[in-house]
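Thanks for coming. I will go through one complex today, one part at a time.

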Amino acid sequence: MTTTLLAIGTRKGLWLATSEDRRSWSLSPPHFLMTEVPSVGIDVRGGCTRLMVGVRSEHFGPTVVHSDDLGVSWAEPEHGAIRFPADTGAAVERIWQLQPDSADRPGVVWAGCEPISVWRSEDGGESFELCRPLWDHPHRAEWGAGYGGAAAHSVVPGPGSTVHVAMSTGGVYRTTDGGASWQPRNSGISAYFLPGPAPEFGQCVHKIARDAVEPRRLYAQNHHGVHRSDDDGDSWTSIADGLPSDFGFVMLAHPHRAGTVWVVPLVADGERVPPDGELAVHRSDDAGVSWRRLAEGLPTHEYNAVLRDAACVDRADPVGVYVGTRGGEVYASADEGESFTQVAGHLPDVLCVRAAVLP
Amino acid sequence: MTVQVLLPRLLSDCTGGRTSMSLDLPAAATVCALLDAIAVEHPVFDRRVRDETGALRRHVNVYVDGEEVRRLAGLRTPVPSGAEVMVVQSVAGG
């Protein structure tokens with residue numbers, strides 16, 4: 001019998017749900033009630049489970065806490081896990097992403113923050129070091145802020161020394177030397193909100209994901225545009241044909257199988273609701289050549305958006321797919337999106353979900 | 001000199017459960033020095049009220065004898081002997 005943990009971060013707290021079959025769920029009382037939870041990382045490497053949570057109080061600021069006992073107790077480094085060096089003159093506003101690295105780099109965790117910054121921890125998320133080359137990048141002055149804030153919202157570690165980052169607004173940046181240098185990688189991604197031809201950077205890429213089998217293949221949900229790159233981000237082509245809209249925030253890649261991705265389309269920039277007011281996930285099994293609409297068990301009357309981190313997959317077989325709405329509803333699929341059941345309802349706005357099969 | 005400090009109940013988990021304390025400070029101390037003194041024993045409390053640049057968080061207010069320090073000299077506001085200093089969250093949130 002395996003247990004799956006689903007962490008649900010909302011505008012007003014964190015809820016933990018557990019299930020033996022990923023169809024019926026037990027929901028915890030709230031953790032960090034009245035505190036925003038925009039990021040959660042579940043680290044199951046090494047046979048232990050560590051929950052890392054980026055919490056943010058409207059009054060008392062952001063911090064990272066962690067739990068090694070599934071939320072029974074929480075620990076917070078006295079002097080803070082993420083703090084800008086004094087010479088930057090900057091202060092962390094929000095922790096958008098907590099991403100454990102691969103199994104062969106135990107203890108390494110990446111964070112993406114607002115203001116736009118990427119951080120690396122080697123002690124399981126207890127202390128992070130600012131990636132200075134990206135902080136000092138000459139493009140910084142021209143990076144903008146999406147509606148949610150200027151943030152590095154996606155950190156996607158790859159094989160070797162490659163890491164891809166996506167920021168709003170700045171687009172995709174890649175390092176192939178472990179963070180020593182970063183290059184924009186947005187060729188083929190539009191930026192319709194800027195005059196003239198698409199620039200080298202400045203795109204509002206909403207989310208990126210890496211193919212599990214072909215690591216040089218990436219997928220991007222853009223601020224209008226759904227794209228795939230087959231060359232590690234050097235160039236991107238549209239894979240939006242077959243979707244009801246090319247707008248949305250979510251991009252999920254299958255953790256084991258090549259070419260399978262999920263998106264959750266919204267109508268448009270100016271109409272951020274599910275098409276026809278019906279929530280649906282769309283899955284491609286051929287790297288975006290074709291798409292299938294999946295909505296069994298999802299509400300047929302839904303006018304809330306699914307935010308960029310309010311969707312995730314687990315690593316089970318078949319893979320579980322999870323989505324949460326700004327209306328506080330959370331749904332789980334135990335069969336790769338073919339059908340969903342409701343995990344929770346009437347929660348505050350769901351900002352992030354993360355799921356893992358517990359070791 | 002001694003000053004009285006009132007702390008927000010919401011942060012009592014960062015101050016060992018205390019919602020007030022008496023502090024002995026050097027003469028001519030400032031609000032910044034007062035917060036520095038609290039930070040020695042309660043570093044998490046300090047991070048809750050000041051960010052890593054040392055600035056008071058936007059939705060935290062500090063009053064010295066009833067006067068909000070942003071209307072005075074900010075964290076450089078003097079704290080006189082016998083003063084009552086109140087740290088409190090502002091009206092914010094939804």
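Strands 8 and 9 of chain A form a hairpin, with two residues between them. This is a predicted model, so everything I say about it is computed. Strand 8 covers residues 109–114 of chain A, and its pairing with strand 9 is antiparallel, over five bridges. If you want one pair to look at, A:Trp110 stands opposite A:Arg120, which sits in strand 9 of chain A.

Strand 9 of chain A runs over residues 117–121, and four of its five residues are buried, so the strand is mostly covered. On to the next strand. Strand 9 of chain A is also joined to strand 10, residues 128–130 of chain A, by three bridges, and these two strands run antiparallel. Here A:Ser121 has A:Phe128 of strand 10 of chain A opposite it. Strands 9 and 10 of chain A make a hairpin with six residues between the strands, and in that hairpin A:Gly124 takes a positive phi near 70°.

Now chain A as a whole. How many helices and strands does chain A have? It has one helix and 29 strands. The radius of gyration of chain A is 19 Å, and the globule rule gives 21 Å for 359 residues; the two are close, so chain A is as compact as a globular protein of that length. Along the principal axes, the C-alpha atoms of chain A fill a box of roughly 50 × 50 × 40 Å. Of the 359 residues in chain A, 53% are buried. As for contacts in chain A between residues at least 6 apart in sequence, 50% of them join residues at least 24 apart.

One sheet of chain A is worth tracing. It is an open sheet of four strands in the order 3-2-1-29, and the pairing is antiparallel. The edges are strand 3 (26–27) and strand 29 (350–357) of chain A, each of which pairs on one side only. Strand 1 of chain A, residues 4–10, pairs with strand 29 of chain A in the antiparallel sense, over seven bridges. Within that pairing, the bridge partner of A:Ala7 is A:Arg354 in strand 29 of chain A.

Next, a loop position. A:Ala212 lies in the loop of chain A between strand 15 (205–210) and strand 16 (218–222). Is A:Ala212 buried, partly exposed or exposed? It has 16 C-beta neighbours inside 10 Å; buried would take 20 or more and exposed 12 or fewer, so A:Ala212 counts as partly exposed. Setting aside neighbours within four places in sequence, A:Ala212 is in contact with A:Ala253, A:His254, A:Pro255, A:His256, A:Arg257 and A:Ala258. By contrast with those contacts, the C-alpha atom of A:Gly337, 125 residues away along the chain, is separated from that of A:Ala212 by 18 Å.

That leaves chain B. Chain B has two helices and five strands, and from the N terminus on its elements run β-β-α-α-β-β-β. A compact globule of 94 residues would have a radius of gyration near 12 Å, and chain B, at 12 Å, agrees with that. The box filled by the C-alpha atoms of chain B, again along the principal axes, is roughly 40 × 30 × 25 Å. Buried residues account for 32% of the 94 in chain B. Of the contacts in chain B with a separation of 6 or more, 53% are between residues 24 or more positions apart.

Helix 1 of chain B covers residues 31–41, and its buried residues are B:Val31, B:Leu34, B:Leu35 and B:Ile38. Looking down the axis of helix 1 of chain B, these buried residues fall within an arc of 95°, so they line one face of the helix. What do the buried residues of helix 1 of chain B pack against? They pack against helix 2 and four strands of chain B: strand 1 (2–6), strand 2 (20–24), strand 3 (60–64) and strand 5 (84–89).

Then the interface. 14 residues of chain B are in contact with 13 residues of chain A. On the chain B side, the largest share, four residues, comes from helix 2 of chain B, residues 43–49. By class, that side has five nonpolar, four polar and five charged residues.

Last, confidence. The predictor gives the complex an ipTM of 0.94 and a pTM of 0.97. For chain B the mean pLDDT is 96, with 98% of its residues at 70 or more.

Note on methods:
Residues numbered from 1 in each chain as written. Chains lettered and ligands numbered in written order. Predicted model: local features only at pLDDT ≥ 70, side-chain atom pairs only at ≥ 80, totals over all residues. Contact = placed C-beta atoms within 7 Å. pLDDT = per-residue confidence, 0-100. Pairing = 2+ DSSP bridges. Nonpolar A, V, L, I, M, F, W, Y, C, P; charged D, E, K, R; others polar. Rg over C-alpha atoms; globule rule 2.2 N^0.38 Å. Arc of directions from axis to C-beta.
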